[in-house]
Amino acid sequence: MKLGIVGLPNVGKSTLFNAITNAGAESANYPFCTIDPNVGVVAVPDHRLDALTEMYHPKKTTPAVVEFVDIAGLVKGASKGQGLGNKFLANIRECDAIVHVVRCFDDENIMHVVADTSTNVPVDPAGDIGVIDIELIMADVEMVERRIDKAQKAAKGDKKYLREVEVFSALKDWLNDGNSARSFDCDEDDAAIIAAAELLSLKPIIYAANLDEEGFADCHANAYYKVVEELAAKEGAQVIPVCAKLEAEIAELDGEEKKMFLDDLGIAESGLDRLIKASYALLGLISFLTSGEDECRAWTIKRGTKAPQAAGKIHTDFERGFIRAEVVNFDDLMACGSMNAAKEKGLVRSEGKEYVMKDGDIVLFRFNV
Ligand code: GDP
C-alpha cells in the first residue's frame with residue numbers, strides 16, 4: 001500500500017518527503033516495504049501503541065507503517081507523454097492513493113512553476129490543482145478510449161460487453177469536460193467496471209496544503225487554504241494543513257523534544273502526523289494490536305477484515321488453525337490497568353471466526369498447530 005506524493009515543482013514535495021524520511025521507520029524491519037530512494041516508510045502514530053508500550057515495557061515496539069513515493073516532475077503536458085511525463089503517470093498508477101501537495105505560501109524567491117517554460121506567476125492553488133487534475137484526467141481519457149475499443153470488439157462475440165462500451169463512453173464525456181473519474185456518479189455494477197480500468201483520477205486523494213508558518217498557525221484565516229478546502233469539499237476529499245519546512249525540522253526531534261516543540265507552537269499534533277493518519281484511513285486501513293513483554297505491535301489490516309484473516313497477518317498458521325480471538329477494547333484495558341484486571345472484570349471477549357476486527361482492538365489469537 002503506497003501513496004504517491006504529487007504536485008507541481010516548487011510546492012514543497014521534496015521538503016515534505018524529507019520530513020517523511022527523517023521521521024522514517026527502519027524499512028529493514030518491514031520486509032514488505034519497497035527499498036527505493038524515492039520511497040519513504042513512516043510509522044503510523046498510534047497513541048494506543050504508546051500506551052501499551054508504557055504498560056508492558058516490551059523489548060521491542062513495532063508500529064504500523066505506510067509508504068510514500070515522491071513523484072517529482074509532474075508539469076503541464078505530462079499526459080502528452082513529452083519527456084518524462086509518461087513515467088510520472090506510470091509511477092502514480094502504481095500507487096493506491098494520492099497526496100496532492102498544493103502551494104499555499106508566498107515567497108518571491110521561490111518560483112511558481114506551472115509548465116516547463118513558465119515564468120514566475122502569482123501563487124494560485126486552484127489553478128495549480130487544475131493543472132495536475134487535467135494531466136491525470138487526460139491520461140485517463142486515453143485509457144478509457146482503449147477500454148472502449150476493447151469492449152466494442154468483445155461485444156461482437158458477447159453482447160454483455162455493450163454495457164462496458166456504454167459506461168466507458170459516458171465516463172469519457174465526463175472526463176473530457178474536465179471532471180475526475182472520482183466524481184463520476186454511477187451504480188455499483190458500473191463502478192466495478194470502471195474500477196478495472198485503474199484510472200488515475202479515480203484514486204483516493206488527500207490534499208496537503210503547504211502553508212508558511214504563519215498560515216499553518218491559523219490555516220482557517222489563510223485565503224489559499226480556503227480555496228483548497230472548497231475544491232476538496234466538492235470531491236469529498238480531506239485537506240491537511242502542513243508547513244513542509246517546519247515538518248522537516250519537527251521530524252528530526254524525538255519524543256519529549258518533539259512534544260515540547262509542538263507545545264510551543266500551540267498545536268497538539270504535527271501536520272505530518274495528521275497527514276500520515278489521514279493517509280492510512282484513506283487507504284481503508286486500520287490497526288489491531290498485540291501486546292506482551294517481548295513485543296507490542298500494531299498490525300495493519302483492511303477495514304472489514306475478519307479475525308482469522310487478521311491472525312493470518314501474524315502467521316499463516318494462526319489463520320489455518322484459528323480457534324478464537326481474545327479481544328479487549330483499548331479504553332477498557334486502560335481503565336482496568338492490566339490485562340489480568342480486564343479478564344477478571346469479564347472485559348476480555350472471546351470472538352469467533354466471523355468477528356469483524358475493529359480499529360484499536362487488542363488481541364490474543366488462540367489457534368491449533
Ligand atoms: P518540490 O519541487 O515540490 O519538491 O519543492 P521543494 O520541496 O524542493 O521546495 C521548493 C522550495 O520551496 C525550497 O526552496 C523549499 O525550501 C521551499 N519551501 C518548501 N516549503 C515551504 C514553506 O512552507 N514555506 C516557504 N517559504 N518555503 C518553502
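How many of the 7 residues of β6 are buried? Keep that one in mind as you work through these exercises on a predicted model.

**Exercise 1. Decide how far β6 is enclosed, and check its two faces.**

Step 1. Start with the count: 7 of the 7 residues of β6 are buried, so the strand is largely enclosed by the rest of the structure.

Step 2. Now split the strand by side. On one face sit Ile205, Tyr207, Ala209 and Leu211, and on the other Ile206, Ala208 and Asn210; both faces are covered.

Step 3. Look at the neighbouring strands. β5 and β6 run parallel and are joined by 7 bridges, with Arg103 standing opposite Asn210 of β6. β6 (residues 205–211) is also joined to β7 by 5 bridges, again in a parallel run. Within that pairing, Ala209 has Pro241 of β7 as its bridge partner.

**Exercise 2. Do the same for β4: which residues lie on each face, and which strands pair with it?**

Step 1. For burial, 6 of the 6 residues of β4 (residues 65–70) pass the test, so this strand too is largely enclosed by the rest of the structure. The cut-off behind that test is 20 or more other C-beta atoms within 10 Å.

Step 2. Assign the faces. Val65, Glu67 and Val69 are buried on one side, while Val66, Phe68 and Asp70 are buried on the other. Note that Glu67 and Asp70 appear among the buried residues here.

Step 3. Find the partners. Strand β1 (residues 2–6) runs parallel to β4 through 4 bridges, and Ile5 stands opposite Asp70. Strand β2 (residues 39–43) runs antiparallel to β4 through 5 bridges, and Val39 stands opposite Val69.

**Exercise 3. Assemble the sheet: what is the strand order, and which strands are at the edges?**

Step 1. Put the pairings together. The result is an open sheet of 6 strands in the order β2-β4-β1-β5-β6-β7, with mixed pairing.

Step 2. Pick out the edges. β2 and β7 (238–242) each pair on one side only, which makes them the edge strands.

Step 3. Add the twist, which averages 30° from one strand to the next.

Step 4. Place a helix on the sheet. α1 lies across β1, β2, β4, β5 (97–104), β6 and β7, and runs at about 150° to β4.

**Exercise 4. Describe the shell around the ligand: how many residues surround the ligand, and which helix gives the most?**

Step 1. Count the shell: 17 residues surround the ligand, the closest being Gly12, Lys13, Ser14, Thr15 and Ala244.

Step 2. Trace the helices. α1 (13–22) and α9 (244–250) each supply at least two residues, and α1 gives the most, with 3 residues. This is the helix that lies across the sheet in Exercise 3.

Step 3. Sort by chemistry. The shell holds 7 nonpolar, 6 polar and 4 charged residues.

**Exercise 5. Find where His57 and Glu198 sit, and say what their phi angles and surroundings look like.**

Step 1. Recall the background: most residues other than glycine have a negative phi.

Step 2. Take His57, in the loop between α2 (47–56) and β3 (60–62). Phi of His57 is near 45°, a positive value. His57 has 9 other C-beta atoms within 10 Å and is therefore exposed.

Step 3. Take Glu198, in the loop between α6 (188–195) and β6. Phi of Glu198 is near 50°, also a positive value. Glu198 has 12 C-beta neighbours inside 10 Å and so counts as exposed.

Step 4. For an intermediate case, try Ala170 in helix α5 (residues 162–176). With 16 C-beta neighbours inside 10 Å, Ala170 is partly exposed. Ala170 is 14 residues from Phe184 in sequence and 9.3 Å from Phe184 in space, C-alpha to C-alpha.

**Exercise 6. Judge the overall shape: is the chain as compact as a globular protein of its length, or less compact?**

Step 1. List the elements: the chain has 15 helices and 12 strands.

Step 2. Compare sizes. The radius of gyration is 23 Å, close to the 21 Å that the globule rule gives for 369 residues, so the chain is as compact as a globular protein of that length.

Step 3. Add the dimensions. The C-alpha atoms fill a box of roughly 65 × 60 × 35 Å along the principal axes.

Step 4. Finish with burial and contacts. Buried residues make up 38% of the 369 residues. Of the contacts with a separation of 6 or more, 69% come from residues 24 or more positions apart.

Methods
Residues are numbered from 1 along each chain as its sequence is written. This is a predicted model: local features need pLDDT of at least 70, side-chain atom pairs count only at pLDDT 80 or more; totals for chains, interfaces and linings use all residues. Two strands pair if DSSP finds at least two bridges between them. A residue is near a molecule or strand if its C-beta atom, placed from the backbone, lies within 6 Å of it. Ala, Val, Leu, Ile, Met, Phe, Trp, Tyr, Cys and Pro count as nonpolar, Asp, Glu, Lys and Arg as charged, and the others, Gly among them, as polar. The radius of gyration is taken over C-alpha atoms; the globule rule is 2.2 Å times the number of residues to the power 0.38. Two residues are in contact if their C-beta atoms, placed from the backbone, lie within 7 Å. Axes are lines fitted to C-alpha atoms, for helices over the stretch in contact, and angles run from 0 to 180 degrees between N-to-C directions.
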